[in-house]
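I'm opening a fresh page for a structure I haven't looked at before. Let me bring it up and jot down what I find.

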Amino acid sequence: MMNQQSIPEAFSRAAAKYDAFANDHPHLTRMRHKVYDHLSRHVPPGARILELNAGSGTDAVALAQRGYFVHATDIAPGMLDRLRDKVKDLRLEDRVTVEERSFLAVADVAGAPFDSVFSDLGGLNCVPDLSPIIRQLPNVLRAGGVVTWVLMPHLCLWEMVEALRGNFHVAFRRLSKNGVRSHLEGFNFDVYYFSPQQVMNWFGDDFELLSLEGLSVITPTAESKNFAKMFPRVYRALSWLDDHLSPHSPWNGWGDFFILSLRYAPK
Ligand SMILES: C[S@@+](CC[C@H](N)C(=O)[O-])C[C@H]1O[C@@H](n2cnc3c(N)ncnc32)[C@H](O)[C@@H]1O
């Protein structure tokens, strides 16, 4: 797979900037809260969650504070260092465990089986095909357990509006079938976009759809740190619209991301 080997080093070097970017970013905080609300509709507090591509641990500690037990995994040691620091600072060692592990080798993760397998903000978009990961889920997820994955779709309205400004590269880049080259800390790797239907097809008959919701369909992308602060009234109006449209078709498959939850119900 092209340049997969550069990912641990690229994200490790980016870890401090990644956390700094998330500071004082109300829109990203709103997006994360929508993910937690979605997850808590399907997974009760007290459940044991396996988190894939946990990054620097923002979600792991937030979920632990909401009463979950989280086993947080990622392939980038620099991200996991920051995660461990957060766990220590917040004294959440009894609720969060950490393991350096690629989601491509998830079958051998410590502590299985889990009640839920969670992945946030498109870490899984670093691979072109999710079926090798999905095939391993029966080893790590109990029957009746829930998968909640937050993935980047092909259709992002906020980016498509860029076409009006002649910025066609940004507007339509997600439609590329061969992935989009991403640059991070001097490394290159490819990012792939998925439709909800494609992902559900990969899951197959042993997984039942629980819920599909768009994440930031009308509001800006997560990259936009300042819009919410510069235009608070417009942002509030867009958020209201976003809240009302994003749970419903066709909006639920569009956006910066979509949140997909399925129950593992082996036949
Ligand atoms: C955009 S960050 C998202 C992090 C986190 N989920 C969040 O919401 O902040 C993507 C993460 O995916 C991780 N990642 C990429 N490929 C991976 C792989 N094969 N196995 C595990 N983690 C991976 C990266 O190291 C990085 O921490």
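**Notes on the sheet, its helices and the ligand**

I began with helix α9 (residues 196-203), which lies across β5, β8 and β9 and runs at about 20° to β9. I should keep in mind that this is a predicted model.

Next I looked up the sheet that goes with those strands. I found seven strands in an open sheet, in the order β3-β2-β1-β4-β5-β9-β8, with mixed pairing. Why do β3 and β8 each have one side without a neighbour in the sheet? I see that β3 (96-100) and β8 (207-215) stand at the edges and have a single partner strand each, so one side of each stays free of a neighbour in the sheet. I also noted the turn between neighbouring strands here: 15° on average, direction ignored.

Then I checked one pair. Strand β5 (residues 141-151) pairs with strand β9 (residues 257-264) in the antiparallel sense, over six bridges. I traced Leu151 across to its bridge partner in β9, and that is Phe258.

I went on to another helix. Helix α4 (residues 77-89) packs on the sheet and touches β2 (69-74) and β3. The direction of α4 makes about 165° with that of β3.

Last, the ligand. Which residues come nearest to it? Out of 19 residues around the ligand, I list Asn53, Gly55, Ala76, Leu121 and Gly123 as the nearest. Two elements give two or more residues to this shell, namely α1 (7-22) and α3 (58-65). I sorted the shell by residue type as well: ten are nonpolar, six polar and three charged.

Note on methods
Residues are numbered from 1 along each chain as its sequence is written. This is a predicted model: local features need pLDDT of at least 70, side-chain atom pairs count only at pLDDT 80 or more; totals for chains, interfaces and linings use all residues. A residue is near a molecule or strand if its C-beta atom, placed from the backbone, lies within 6 Å of it. Helices (H or I, at least four residues) and strands (E, at least two) are DSSP runs, numbered from the N terminus. Ala, Val, Leu, Ile, Met, Phe, Trp, Tyr, Cys and Pro count as nonpolar, Asp, Glu, Lys and Arg as charged, and the others, Gly among them, as polar. Two strands pair if DSSP finds at least two bridges between them. Axes are lines fitted to C-alpha atoms, for helices over the stretch in contact, and angles run from 0 to 180 degrees between N-to-C directions. Two residues are in contact if their C-beta atoms, placed from the backbone, lie within 7 Å.
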